[in-house]
Amino acid sequence: MPGSNYNNRQRRLISLPLRISLGLVLATILPLVITLFVIEWRTQPILSDQANKAMQSDAQTRVQLIDTYFKERVLDAKTITQVPTVQQYLLTPPTDPTYADQTKHTIFALAAGMYRDPNYTTWQLYDRQGKLRLAYPTTQKPALHGNILVPQRYQDTVFTNQTIISTVYYNPDQQKATVDIYSPVAALTPEGKPTNTLIGFIRVTLGLDYIWGIVKGDTQNGKNSYAFILNEDGVRIADTEQNRIFKAVQDLPSDVQQQVSNEQRYGPNGIPVKKDATLAQHLKDTKSPVSYQAQPAEQNESYQIVQANVGNVPWKYYVLSPLSTVNAVAQQQLEVTLLVALIMSGLVAIIGLVAGRSLTRPILQAVNALRDSSDALNSLASRQRDASTEQMWVVESSQIGLQSVQYYTEAINSAAAQLAAVGKNLGQNINQLDRQKLLQAVEHVQNGAKYIENAAQYQNESNKKLATALKVTNQVTEQLASGATSATDAAAQLEEVVDQLRAVVG
C-alpha cells in the first residue's frame, strides 16, 4: 500500500542503531525535562518568596539604622538643651556683666554637641522670640531657608514642647542635603529640674551624608538592584545613584509648592517631577513593609519593590530588584539541569549507537543473505521467463505448421474423392468409349486414388502424432510459465521480506 511504502521509506531513513540511540536519549531526557518543569513550578515561587523576604529584611535593617541614627541625634539635641549653662544663657540679657562669660561656656556646650557627629553643620541657639542668640561654629553662618532662619511652622511646633526633625533641604551648588533638628529649651527649677516654661530652642543642622551612605551601599539584592528614600512629599531625597536624587514622583500640592518656593527648599530652581504613578499610590500606605511588583518610571523592566516606613521621620525606604534577578537562582538551576541533560544525552547517544550496532549486526548479515537469495531467485525467474517465451514461440510455430498440414491433407482427401468419382463415372460409361484405353485409364485413376488415399491416411497418422507432440509441448510450456510465475512471486515475497527487514534495520 502507498502509505505502508511511505512509512517504510521513512523508517529506512533512520537506521536501527540510530533509533535505539534516540530511544535511549528520550528515555533519559524525558525524566530530566519533567524534573525541570517541577523545579520551575515548585521552586520559582519559593525562591521568589525568599528573595522578597531578604529584600524586606534588608529594608527593615536599613530603616533601623536610620531610626537609630536619628534617635541618637535627637538625644544629642535634647542633652544640650538640658545643660544649665545653655538655659542660664537664654535667661541672661546681653547687658548683664556675666553675659560674656556665659557666652563662652554656652559655646563650649554647643561645641560638645557638634563633636558628637561629623555630619553636624551648625548648632544654633534661639530665644523665646525666635531670635538667633548664638551659633557654633562661630565662623559659619547658619543656613537660611529662603529669607528666614526658622520657618514659622517649626517655631510653632517646637514651642508646644516637641522635638522635631524638619523636612530635607538641598543645596544644588554644594550637592549637600540637610535636615534641622528642633528641640525646646525649658527653664529649670532652683533644684535644677526642667519646668514647662519654654525659654528658647536649639536648631541643629545635620547633613545627610550618613543616610546617603546607607542607601548607596544597598546594592546586595542582586544585579541592577538599588534603593532610595522618598520624603513625605514624594521627593527622592536619597538614592543609590546620585543623578536620580531630588526628583519628585508626583506633582506637589499647591501649598507645598508654595513652601518649597518660599524656603527655596531645593534651590532657586525648584524641583523637577518624574512621575511614577505606582510609587505615588503607595506613598499613602501606612503598613510596613509593603511588597509589590511594578516597572519604575526610569527602568525598562519589571522590579520587585519593597517599601518600609522610617520611624522618626515621615520617609519611606525602598529596595528594588529586577524580577530577572529575583528569579536568577531558579534560572541557574534550570541552566545547570539543562547542561546535565545535554551531557547525559551525548553519553547515552554514544552508548545507544554502540549497542544498536551490536544488536543489529546479525540482522544485517541475515538481510544480506536474504538479499543474495532474492537476487538468485530473480535471476532464475528471469531465465525461466525467457525459456518459456521461446517455448511459446515454438508451440505457436508448430501450431501454424499443423494447420498447414491439415489444410493439405484435406486437399488430398478432396482430390482423391474426385478421382474416385471420375473413375466410377468412367466405369459406368465404358460402353461408349474405347474399351481397352478406358479400362487402362480407369485403372490408373483408381491406382492414383488409392495412392492418394494411402498417403492421406499416413498424413492423418502423422497429424495425430504432431498434435500429440504439440499438446505435450504446450503442457510443458504451461508448466514452465507457471514455474516462472511462481519463482517470480516467491522472489517478490522474498524481496518484500528483505525490504521489511531493511526497514527495521535501517
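In this predicted model, H145 is buried, with a relative accessible area of 5%; this value falls in the buried class because that class covers residues under 20% relative accessible area. The residue is found in the loop between β2 (132-136) and α5 (152-158). The side chain of H145 is joined to that of D180 by a polar contact of 2.6 Å. When neighbours within four places in sequence are left aside, the residues in contact with H145 are P151, Y169, D180, Y182, R203, N262 and E263.

Strand β5 comprises residues 176-188 and is mostly covered, with 11 of its 13 residues buried. Strands β3, β4 and β6 are each considered here as partners of β5. Strand β3 (residues 164-165) is joined to β5 by two bridges, and the two run antiparallel. Within this pairing, Y182 of β5 is the bridge partner of I164. Y182 is also among the residues in contact with H145.

Strand β4 (residues 169-171) is likewise antiparallel to β5, to which three bridges join it. Here K176 in β5 stands opposite N171. The hairpin of β4 and β5 has four residues between the strands, and in this hairpin Q175 takes a positive phi near 50°. A further antiparallel pairing links β5 to strand β6 (residues 194-207) through 10 bridges. In that pairing, V185 faces G200 in β6 as its opposite residue. Strands of a sheet pair through backbone hydrogen bonds, either parallel or antiparallel.

A separate description applies to the strands numbered from β7 to β11. Five strands form an open sheet with antiparallel pairing, in the order β8-β7-β11-β10-β9. The edges of this sheet are occupied by β8 (236-239) and β9 (290-294); each has a single partner strand, so one side of each is left without a neighbour in the sheet. On average, and with direction ignored, neighbouring strands of this sheet are turned by 25° against each other.

At the β9 edge, strand β10 (residues 303-309) pairs with β9 in the antiparallel sense over five bridges. S291 and V306, the latter in β10, stand opposite each other. Helix α6 (residues 209-216) lies across β7 (226-230), β8 and β11 (316-322). The helix runs at about 60° to β8, which is one of the two strands at the edges of the sheet.

Terms used:
Residues are numbered from 1 along each chain as its sequence is written. This is a predicted model: local features need pLDDT of at least 70, side-chain atom pairs count only at pLDDT 80 or more; totals for chains, interfaces and linings use all residues. Side-chain values use heavy atoms; hydrogens and water are left out. Buried means under 20% relative accessible area, exposed over 50%, partly exposed in between (1.4 Å probe, protein chains only). Two strands pair if DSSP finds at least two bridges between them. A polar contact is a pair of N or O atoms within 3.5 Å; within protein, one must be able to donate a hydrogen and the other to accept it, and residues adjacent in sequence count only if both atoms are side-chain atoms. Contact means heavy atoms within 4.5 Å. Axes are lines fitted to C-alpha atoms, for helices over the stretch in contact, and angles run from 0 to 180 degrees between N-to-C directions.
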